[in-house]
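Dear colleague,

I am handing over the structure below, and after it you will find a short account of what was found. Please keep it open beside you as you read.

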Amino acid sequence: AVVWFVDVSAEIDSETSAPESAQIRNRRSCRSETEVGANPVQVEVGEFDEAIEVVEDVVAENPCLNHHCKKGKVCEVDESNTPMCVCQDPSTCPVAEGEFEHVCGTDNKTYDTSCHFFATKCTLEGTKKGHKLHLDYIGPCKYLEPCMDNELNEFPLRMRDWLKNVLVTLYERDEDNNLLTEKQKLRVKKIYENEKRLQAGDHSLDLLAHDFEKNYNMYIFPVHWQFGQLDQHPVDGYLTHTELAPLRAPLIPMEHCTTRFFEQCDADNDKYIALEEWATCFGIKEQDVDKDLII
Ligand SMILES: [Ca+2]
Ligand SMILES: [Ca+2]
């Protein structure tokens with residue numbers, strides 16, 4: 001479950017064109033190394049067989065090759081052969097391979113794939129409607145039960161435990177993957193090696209609450225770490241709706257309190273979740289909020 005979640009985050013972290021986090025880049029490069037296994041350029045040349053000369057000419061002349069467009073846009077050249085990004089026609093998006101590729105927009109409409117969603121959002125650029133339209137969650141739109149007050153309090157219990165387990169899993173696999181920085185590794189090592197650590201499992205809410213009280217210190221870093229993972233565009237100590245999307249979108253269909261939880265995290269209602277607000281809604285004490293922990 002952990003791996004699935006991390007991968008999906010990487011996929012949808014694209015409502016912005018800003019650089020991806022090192023974490024995601026690392027994961028991508030790992031993935032392509034294992035999956036492709038060959039130099040992609042060689043593969044392409046092979047496909048064109050004898051026409052290698054011609055292919056190389058085309059490569060040199062196509063200014064779109066190294067021109068990156070954000071999701072929802074594709075590169076086209078104008079009359080003077082200058083590359084530019086234009087909205088992608090949704091009908092050119094790859095056909096969805098199944099319902100799992102559908103996404104639900106904040107307009108409560110189901111889009112075939114995230115490609116269809118971002119292409120549609122692009123055509124609305126500059127309008128109020130387009131500004132308000134976000135990818136709400138992964139999967140087709142469905143009825144989400146309203147989140148009750150008592151359920152809202154349960155959410156951070158599960159979330160904190162889950163974050164701690166994600167970090168421990170990353171740590172266990174880190175030997176060859178470099179998913180964590182050296183500093184982060186040292187911090188997780190302390191948690192990992194602590195004998196009192198609650199092992200991953202399907203625990204009752206009572207046990208999770210008890211563990212948070214007893215082993216509070218083990219939760220401080222995981223909460224900070226997740227904030228740092230999301231605060232990337234830009235790195236400024238605040239989370240925007242878009243920065244939060246990689247965490248929110250896969251979570252909403254499984255945890256119906258997700259939206260309400262993050263809304264109330266923004267205690268001062270300025271549309272940004274500051275590190276202090278984030279830490280507070282996960283039960284971290286004010287004196288333990290530490291900007292240095294998110295690096
Ligand atoms: Ca930010
Ligand atoms: Ca705020």
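The calcium ion (ligand 1) has as its protein donors Asp 231 (OD), Pro 234 (O), Asp 236 (OD), Tyr 238 (O), Glu 243 (OE) and Glu 243 (OE), which lie 2.3 to 2.5 Å from the ion. Please bear in mind throughout that this is a predicted model.

Read along the chain, the donors of the calcium ion (ligand 1) follow the spacing D-x2-P-x1-D-x1-Y-x4-E, and the six donor atoms form angles of 52 to 163 degrees in a site that is irregular. Are Pro 234 and Glu 243 buried or exposed? Pro 234 is partly exposed, because its relative accessible area is 49%, whereas Glu 243 has a relative accessible area of 2% and is therefore buried, the cut-off for that word being under 20%.

There is also a calcium ion (ligand 2), and it is coordinated at 2.2 to 2.6 Å by Asp 266 (OD), Asp 268 (OD), Asp 270 (OD), Tyr 272 (O), Glu 277 (OE) and Glu 277 (OE). The donors of this calcium ion (ligand 2) are spaced along the chain as D-x1-D-x1-D-x1-Y-x4-E. Why is the arrangement around the calcium ion (ligand 2) called irregular? The six donor atoms subtend angles of 53 to 155 degrees, and six donors count as octahedral only if opposite donors are over 155 degrees apart and all others between 65 and 115, so the arrangement is irregular. Among these donor residues, Asp 268 is partly exposed, with a relative accessible area of 48%, while Glu 277, at 10%, is buried.

The remaining findings concern the largest pocket, which holds about 980 Å³ of space. It is lined by 34 residues, and those closest to its centre are His 131, His 134, Thr 240, His 241 and Thr 242. By class, the lining of the largest pocket is made up of eight nonpolar, 14 polar and twelve charged residues.

Which helices supply at least two residues of that lining? They are helix 5 (114-123), helix 6 (128-132), helix 11 (241-251) and helix 12 (258-265), and helix 11 gives the most, with five residues. At the level of domains, both domain 1 (14-19 + 146-294) and domain 2 (52-87) give residues to the lining, so the largest pocket lies between them.

With best wishes

How values were computed: Residues numbered from 1 in each chain as written. Chains lettered and ligands numbered in written order. Predicted model: local features only at pLDDT ≥ 70, side-chain atom pairs only at ≥ 80, totals over all residues. Heavy atoms only, no water. 1 Å grid on protein atoms, 1.4 Å probe; cavity = no way out; pocket = protein on both sides within 12 Å on 5 of 7 lines; lining within 4 Å. Points joined across faces, edges and corners; volume = space filled by probe spheres on them. Helix = DSSP H or I, 4+ residues; strand = E, 2+ residues; numbered from the N terminus. Nonpolar A, V, L, I, M, F, W, Y, C, P; charged D, E, K, R; others polar. Domains from an automatic or database assignment. Donors = N, O, S within 2.8 Å, 3.2 Å for Na, K, Ca; no water. Tetrahedral: all angles 85-135°; square planar, octahedral: opposite > 155°, others 65-115°. Buried < 20%, exposed > 50% of the residue type's maximum accessible area, 1.4 Å probe, protein only.
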